[in-house]
Amino acid sequence: MTTAFHGIGVSTRPSVALGPAFVDGRGHRGASPTLITADQVVAEIDRLDQAVVAARQALRAVRDQIPRHTPINIADFIDTHLLMLEDAALVGEVRRIVADQLCNAEWALQVQRDSLVRVFDEMDDPYLRTRRDDVEHVVQQIQTFLRGDTPPSERSLQDLDGRVVVARDLTPAEAILLRHRGAVAFVTELGGPMSHTAILARSLGVPAAMGIHNITHYLRQDELLLVDGETGTVLADADARTLAYFRRRLRAIEARQLRLRRLVGRPSLTRDGVEISLLANLELPEDVELAKANAASGVGLYRTEFLYMNRQDLPNEEEHLANYAEILQGLDGLPVTIRTLDLGVDKRVDSASDLGAGVSNPALGLRAIRLCLKEPDLFRPQLRAILRASALGPVRLMLPLVSTVQEVDTVLSLIEQIKRQLEREGVAYDPALPVGAMIEVPAAALAARALARRLDFLSIGTNDLIQYTLAIDRLDESVNHLFDPTHPAILRLIRMTIEAARALNRPVSMCGEMAGDPRFTRLLLGVGLREFSMQPGALLDVKEVVLQADTLELKRRSAQLFARLDEMDPGALIDALNAA
Ligand code: PEP
Ligand code: MG
């Protein structure tokens, strides 16, 4: 007979999963106190420190596997935990307890956990109260290594494919790994809709039900589970009718995916025969396969920051070149737009960790092209490598965060110098390598014509354009609700940029998240955008809209709507344009 468990659904869209349970029986084992002698204190603290180091390494390893450009910055969650591992209020205090109370590290950790959790529990703010989860996760992580246990993310890896993971709690890091290893849903005893793991599950598109007390005790290993990530319901031992209903829902969701797959081989043409270029954004060389599987016509944005991450030194020219060559080879003749280093604020690396330190407003500081121009030793190897790669296949070079024409002029003359240098050395490059800039700050959009005159193409980076135009910190959760691609100021800047580029016959694309959101496709087609670059997973959703669109009609209708931009609610404008 069907048994139902009710928890908190964390998905905001219909999302169901069905699969055998993988019950993580590790649960939450309380630590017990053991007394140590004064001369054992150093060794005990050493054991604690080693567990902290191991926990830190495990978290870093997970962070390295995260696709960066998800709607929320997943890496931030892990960074929060990494910071906690360094926080004196946690580990420093545990060391003190070991020394003062002459007890084992597990017990000291539990004592300190209890006192921190009490503080969080007394808080009125529900958001802050959920941050106690972070303390729990970090403590658990250290306890795991103190006990010498294998974390769930490293166990039974081979047979997680298609399984529903049931655990007392999951850290965001574990959730990412479990997903990578094929888990189809998460069910936990702890956690709520505002917990980091919940936000993460939404972003990964994994159905999750949380806050179901003691569920790890009630479910059997391999038992078939049905999980509704919207309502938070978990059904075990389901009867035939319930199973049939669930399967129908699953089929409807899968059918849409299949329908989309059929679009892979279709040329990307609108109903009136206009070709629309659908390109992929790339974070890591591995993503090339996904881009090709979704019929990308090339890469419109290759973010090269990852080359600089998780290392103490800077990549040299040969490393850059080898990486670009690998991507070109994977792309099999399709073009790639390589963006030069865009470091700063949200994209820090160890080799430049003091970046922004002590600066009152790093988002407005020395980042991206500004940093590269100030540090030619950082910039030159990358420019040389991009030029050399241009001899191997179709490459474009793109500059991030440009705000003045002087910056462009300086880069262009640096490129000219490097070309002469390569010629002297007898090294091949494409003399016609296209150089373009991202339009990411309002100043650049307003000066798009002047920039386009000097450059071969423009690409609109809406993520930053929205941040800088609306004065909203991309990383600040408290103002995220104001992040609005349909704000009249944003729509005007986008249209202005497209018109400026087109007036000079320069290609213009969009590579911010807005380009991959099918709700905006018709609007962007209406204002003349013909090149869209996005996360590979969104390509077919956007293509579906493109195939149904008529650019002439959309041009006419968007012009009408733009004329009324100040009178109407921007959301209504999008709805009007999307209505058949
Ligand atoms: C953007 O700002 O829109 C963009 C594509 O660049 P990033 O998200 O890497 O800052
Ligand atoms: Mg940007």
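Is arginine 384 buried or exposed in this model? At 13% relative accessibility, arginine 384 counts as buried (buried is under 20% relative accessible area, exposed over 50%, partly exposed in between, with a 1.4 Å probe and protein chains only). Its salt-bridge partner, glutamate 425, is partly exposed at 44%.

A word on the ground rules: this is a predicted model, in which local features need pLDDT of at least 70 and side-chain atom pairs count only at pLDDT 80 or more, while totals for chains, interfaces and linings use all residues. Residues are numbered from 1 along each chain, chains are lettered from A and ligands numbered from 1 as written, and side-chain values use heavy atoms, without hydrogens and water.

The structure holds 32 salt bridges (a side-chain nitrogen of Lys or Arg within 4 Å of a carboxyl oxygen of Asp or Glu). Three of them are set out here, with helices taken as DSSP runs of H or I of at least four residues, numbered from the N terminus.

| Pair | N to O distance | Helices |
|---|---|---|
| Arg56 and Glu86 | 3.5 Å | H1 and H2 |
| Arg256 and Asp541 | 2.7 Å | H10 and H21 |
| Arg384 and Glu425 | 2.8 Å | H14 and H15 |

Salt bridges also link Glu305, Arg339, Asp342, Arg367 and Asp464 in a network.

Asp464 appears again at the magnesium ion (ligand 2), where Glu440 (OE) and Asp464 (OD) are the protein donors, 2.0 Å from the ion (donors are N, O and S atoms within 2.8 Å of the metal, or 3.2 Å for Na, K and Ca; water is not among the atoms, so sites may look incomplete). Glutamate 440 is buried at 2% relative accessible area, and aspartate 464 is buried at 2% as well.

Notes:
Helix = DSSP H or I, 4+ residues; strand = E, 2+ residues; numbered from the N terminus.
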